[in-house]
Amino acid sequence: MDRSLLRAEDLVMHYPAKTGGRLGRSGKVVKAVDGVNLAVQPGEVFGLVGESGCGKSTLGRLLLRLEAPTAGRVLFDGQDLSGFDRGRLKRFRRQAQIIYQDPYSALNPRQRVGRIIGEPLEIHGIGTPAQRQERVAELLQVVGLRPGQAVRYPHEFSGGQRQRIVIARALALNPRLILADEPVSALDVSIQAQVINLLEELKARFGLTYIFISHDLSVVEHISDRIAVMYLGRLVELAEREVFYQRPLHPYAQALLSAAPIPDPDAPRRRQILKGDVPSPINPPAGCTFHPRCPHQMPVCAEERPVLREVAPGRWVACHLY
């Protein structure tokens with residue numbers, strides 16, 4: 001029996017590619033997401049990592065139905081989001097929220113913080129004005145701010161405080177799922193740790209489920225229960241955190257992990273430098289899209305696309321080596 005909270009099945013997102021001027025169309029498409037299958041379990045932190053441009057954020061938008069996929073479907077609690085009308089989609093929004101990468105651009109600079117946090121309650125018709133004001137004060141305290149700061153504007157806060165405001169807004173409707181899209185990448189390292197610790201505290205307190213998108217493997221290691229690695233619109237590896245960091249299987253995952261900084265400068269390490277550049281998502285290589293850069297490529301890699309398969313309990317990899 002499927003007990004997953006969120007499931008993606010053969011998810012595809014292609015965008016028309018423009019060429020030959022502002023209005024020109026080439027007939028080609030940008031394959032931002034190209035056949036993704038995953039399942040997020042209740043109460044877990046599902047980490048999604050990969051280089052910039054691999055399709056992580058696009059996949060996140062599809063999972064929350066902020067965009068309609070080209071093909072495939074997303075199921076929340078077993079219900080297909082593509083069949084939701086406007087009313088059901090609005091009710092789904094109460095269950096799933098998002099934390100954006102840049103807290104400043106995610107906040108309306110012309111609105112006071114109390115108005116920003118309370119807006120979801122107003123949109124969904126929750127409580128009286130007095131009750132909403134009380135809820136805003138409670139949320140500010142939950143994220144480590146003072147209720148009196150509700151009258152301030154976003155520019156009067158630091159970057160870390162603004163991200164706390166974004167988190168408070170995401171919590172306003174008591175969601176079950178929060179998608180955090182690079183939530184600490186725009187913050188100083190010292191502030192990153194505070195925000196990550198806050199997210200962990202909130203998860204334990206409210207029983208939240210997270211999808212945590214990042215390119216920073218050290219941050220993902222700290223907070224995630226499972227790790228999925230994405231390359232050029234496809235998942236190439238999926239494993240439990242401890243297993244993944246001890247021994248990644250896919251050559252791309254191995255190269256990513258070898259490039260992650262280690263706090264001990266004397267610790268032995270072996271860097272794996274990938275040759276070439278990331279191929280264009282408009283014209284990805286045939287077969288395994290990673291094969292032009294792979295140190296272990298074989299003839300079959302250029303001909304046949306590897307399927308994400310389970311090679312050990314809970315361990316999935318898309319590579320012809322396995």
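Strand 8 sends its side chains in two directions: Thr209, Ile211 and Ile213 point one way, while Tyr210, Phe212 and Ser214 point the other way. In this predicted model, the residues on both sides of the strand are buried. The count for the whole element agrees, since strand 8 spans residues 209–214 and six of its six residues are buried. Strand 8 is therefore described as mostly covered, each buried residue having under 20% relative accessible area.

The neighbours of strand 8 come next. Strand 3, made up of residues 45–49, runs parallel to strand 8 and is joined to it by five bridges. Within this pairing, Val45 stands opposite Tyr210. Strand 7, covering residues 177–181, also pairs with strand 8 in the parallel sense, again over five bridges. Here Ile178 has Tyr210 as its bridge partner. Tyr210 is thus a handy residue to find on screen, as it faces Val45 of strand 3 and is bridged to Ile178 of strand 7.

How do strands 7 and 8 fit into a β-α-β unit, and which helix takes part? Helix 6, formed by residues 189–206, belongs to this unit together with the two strands, and the unit is right-handed.

A residue in another strand offers a contrast in exposure. Gly27 lies in strand 2, which covers residues 25–40. Gly27 counts as exposed because its relative accessibility is 73%, and the cut-off for exposed is over 50%. Gly27 can also be placed relative to Ala17: the two are ten residues apart in sequence, and their C-alpha atoms are 7.0 Å apart in space.

Note on methods:
Residues numbered from 1 in each chain as written. Predicted model: local features only at pLDDT ≥ 70, side-chain atom pairs only at ≥ 80, totals over all residues. Heavy atoms only, no water. Helix = DSSP H or I, 4+ residues; strand = E, 2+ residues; numbered from the N terminus. Buried < 20%, exposed > 50% of the residue type's maximum accessible area, 1.4 Å probe, protein only. Pairing = 2+ DSSP bridges. Right-handed = clockwise from strand over helix to strand, strands pointing away.
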